[in-house]
Amino acid sequence: MKENKPVTIQSDATLLLDVHDPAFEEARSDISVFAELEKSPEHIHTYKLSSLSLWNAASAGIPPDDIIKRLEKWSKYDIPENILFRIKESVGLFGKIVLLPSDDPYKLILKVTDTRIYNEIKAHKKIAKIIMLSDMEDNSFFLKLVDRGTVKQELINLGYPVKDEIPLKKGAHLDITFRETTLSGYSFSVRDYQKEAAFTFYGEGQPGNGFGTIVLACGSGKTVVGMNVMEIYKTNTLILTTNITAVRQWQNELLDKTNLNEEQIGEYTGVKKAIRPITIATYQILTWRPDKDSEFPHFDIFRKGDWGLIIYDEVHLLPAPVFRVTAEIQAISRLGLTATLIREDGRETDVFSLVGPKRFDCPWKTLQEKGWIAEANCFEIRTELPQNLEVPYAISDKREKFRLAAENPIKFEIVKDIIENHREDSIIIIGQYISQLKKIQQMIKVPIITGQTPNNEREKIFTAFKKGKEKIIIVSKVANFAVDLPDASVAIQISGSFGSRQEEAQRLGRILRPKEKNAYFYSIVSNNTVEEEFSSNRQKFLTEQGYKYHIELR
C-alpha cells in the first residue's frame, strides 16, 4: 500500500477518500471536479462517478485522460478496468450529439456523430415527433427553434447529453457598471472567486458558453456574481427568484452597487407588474394560473422584454412549469445561481439540459478558511419524547410520527436555554409547523414571519432585525431561501422538512454572512424517533461540505 494515496477506487464507481491522509485536501480538490460527494462521516468520504458529474466535467473541457491521471495520482490501488471504461464512455458521449445553427432561422441542426445513437434517436417515438430528417449526408436532423430545450431534455433522459454550440442572442444593450463606492457609503470591489465564476460562465463569449450554473455557499455573494455577469453582458436582464423579499433585495443590491436607477428596474410580482430593462419576477407569479386546466398567463414575460440574459436565482428550486417554458427560451444566455444543485425530486439532469451545466463551484470550507463566510458550529440537540406522547407515537403512521416528534413540547425549554446562552447574539428560530412557531412566539414574545405575514410587515420585521432593534425573530420556511440577514449569528431549527438536504443547507446559510463572531446552528431533534432518521439525511449535504455536527443529549 502506498503512502499519501488517500483514494480507494471501487468497481461500483465509488471513491473512498481517507480524511486523515495528509493529502486529503489536495485529493478532494482534484476529484470533486468530476465526482459527486455522497456522504462524509468522520473518517471516510464517499464520492460517486456518476454520468452527470462526468458530463459536467466534459462540459468544462476536462478530457477523460485528465480525469484518469488525477485518479492514478491519488489511488492506493490500480483503477478497476470497468471504471476506466465508464470514464471514457461517459465523457466521450459529450460531443457525440451537437446542436448547430442552420441557414433557416427557424430551424436548428442536431448533428449525431455516432451511427448507433443516430438510429436510436430516429427510432424513438417521442423524439421522432419533434425532429425531421435532414437532406445532408452526415447523420443529422432538423428541428424547430422552439424545440431546442425539449429535445435536449428528452435526449438526456435517454442518457445522451447534448453539446449546444448555437450562438445566443444579444438582447437590447444596457449600460451596467459597478460603483467603486456604494450608495450606502462603503468601498466595493468584486472578490476574486466571484470574478472567476462570472468569467468562467461567460467563456469569452464563444459558442458553447453563456449558459450554466454557478454553485457557491450561502452568504458568499451569489447576487454579486449575477451582477458581475450582467456587467459583462450589458444587456436587458430578467431575474427570477423565490419571493418578494428576494425581489426587493435584488433591487436594493443593484441600486446600491451599480449605476442603474429606479426607472430601469421593474418588479413583476403579485403586487406590481412593471417590465423594465432589468425586471425581477418571482417563480410564484410565473406559475400562477386560474385553474389547473388554464394556461400560465404570466409566461408572456419571457417574450415581452428584449432579454439578452436570464438569471435563475436558487435554480435548484426551479418549478416544473418553468422547466416547460425554459425549453422555449434556449436562445438567451441563462445563468443559474445556487448553493446546492441537489433537487429532492431528482431533476438535476433537467437543470443541466435546460439551464446548463455546472460552470463553477467552490467548497464551503474553502470560503470559510479565507474569511468570505463565517465559521459555523453545528449542533444537534436530542431530547426524549414526553411520556404522554409515547403511546400516540407508537400507534401512528410514519408521517404522523414525524409530526409528533417534530412538535415535541420539550423543545421549547431547549430553545429558551439556547437563547439564554446567546444573549448578545442575533437569533433566528426556524420551523416547519406554524402552530409550533406560534407557541414559541407566545412564550418569548418576539416577531414572527409566516406565509400569511403581509409583505410590508415582513419588510418591517426584517429591517428591525437587521438594524438590531429586534434581536430574535421567528420564521417559517418562507425564510429558507434568498433572504439576506447579514447580522444573524445563531439559527435554531426546531423542526425541518422531513429529509430535505437543500433546506438544511439554506437554513445554515442564513447565518453564514461574514462577521466578527462565529455562527452557531442548532437543530433540535426528538431522540430515537423517525425525526432522527430524517435529520441525518438533512445533514448529509453539510457534512459533505466538511461541517461536523456535535451531538448533545438533553
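**Close-up 1. Ile419 and its surroundings in helix H18.** Let us start with one residue: Ile419 is found in helix H18 of this predicted model. Ile419 has a relative accessible area of 15%, and it counts as buried because the cut-off is under 20%. Leaving aside residues up to four places away in sequence, Ile419 touches five isoleucines, namely Ile427, Ile429, Ile444, Ile472 and Ile492. For a sense of scale, Leu108 and Ile419 are 311 residues apart in sequence, and their C-alpha atoms are 60 Å apart in space.

**Close-up 2. The buried face of H18.** Helix H18 covers residues 411–421, and Ile419 has buried company there: Lys411, Phe412, Ile414, Val415 and Ile418 are buried as well. Looking down the axis of H18, you will find the buried residues within an arc of 160°, so they line one face of the helix.

**Close-up 3. A seven-stranded open sheet.** Here the view widens to the sheet, in which seven strands follow the order S19-S20-S18-S21-S22-S17-S23 with parallel pairing. The edges are taken by strand S19 (448–449) and strand S23 (549–553); each has a single partner strand, so one side of each is left without a neighbour in the sheet.

**Close-up 4. Strands S18 and S20, with helix H19 across them.** Four bridges pair strand S18 (residues 427–430) with strand S20 (residues 472–475) in the parallel sense. To find your place in this pair, look for Ile428, which stands opposite Ile473 in S20. Helix H19 (residues 434–444) lies across S18, S19 and S20, and it runs at about 160° to S20. The isoleucines touched by Ile419 of the opening view include Ile427, Ile429 and Ile472.

**Close-up 5. Strand S22 between S21 and S17.** How much of strand S22 is covered? Seven of the eight residues in S22 (residues 519–526) are buried, so to speak of a mostly covered strand is fair. On one side, S22 pairs with strand S21 (residues 490–493) in the parallel sense over four bridges, and Val490 has Tyr520 in S22 as its bridge partner. Strand S17 (residues 376–383) also runs parallel to S22, joined to it by eight bridges. Two places to look along this pair are Ile381, whose bridge partner in S22 is Ile524, and Arg382, which stands opposite Val525.

**Close-up 6. Strand S17, covered on both faces.** In S17, eight of the eight residues are buried. One side carries Ala376, Cys378, Glu380 and Arg382, while Asn377, Phe379, Ile381 and Thr383 belong to the other, and both faces are covered. S17 also runs parallel to S23, with five bridges joining the two strands. Glu380 is a handy marker here, with Ile551 as its bridge partner in S23.

**Close-up 7. Helices H17 and H22 crossing.** In the last view, helix H17 (residues 398–406) packs against helix H22 (residues 530–538) at an angle of about 85°, and the two axes are 8 Å apart. H17 and H22 are therefore roughly perpendicular to each other. From H17, the contact is made by Lys398, Lys401, Phe402, Ala405 and Ala406, which meet Val530, Glu531, Glu533, Phe534 and Arg538 in H22. What kinds of residue make up the contact of H17 with H22? Five are nonpolar and five are charged, with no polar residues in the contact.

Conventions:
Residues are numbered from 1 along each chain as its sequence is written. This is a predicted model: local features need pLDDT of at least 70, side-chain atom pairs count only at pLDDT 80 or more; totals for chains, interfaces and linings use all residues. Side-chain values use heavy atoms; hydrogens and water are left out. Buried means under 20% relative accessible area, exposed over 50%, partly exposed in between (1.4 Å probe, protein chains only). The arc is that of the directions from the helix axis to the C-beta atoms. Axes are lines fitted to C-alpha atoms, for helices over the stretch in contact, and angles run from 0 to 180 degrees between N-to-C directions. Angles under 35 degrees count as roughly parallel, over 145 as roughly antiparallel, 65 to 115 as roughly perpendicular and the rest as oblique. Contact means heavy atoms within 4.5 Å. Ala, Val, Leu, Ile, Met, Phe, Trp, Tyr, Cys and Pro count as nonpolar, Asp, Glu, Lys and Arg as charged, and the others, Gly among them, as polar. Two strands pair if DSSP finds at least two bridges between them.
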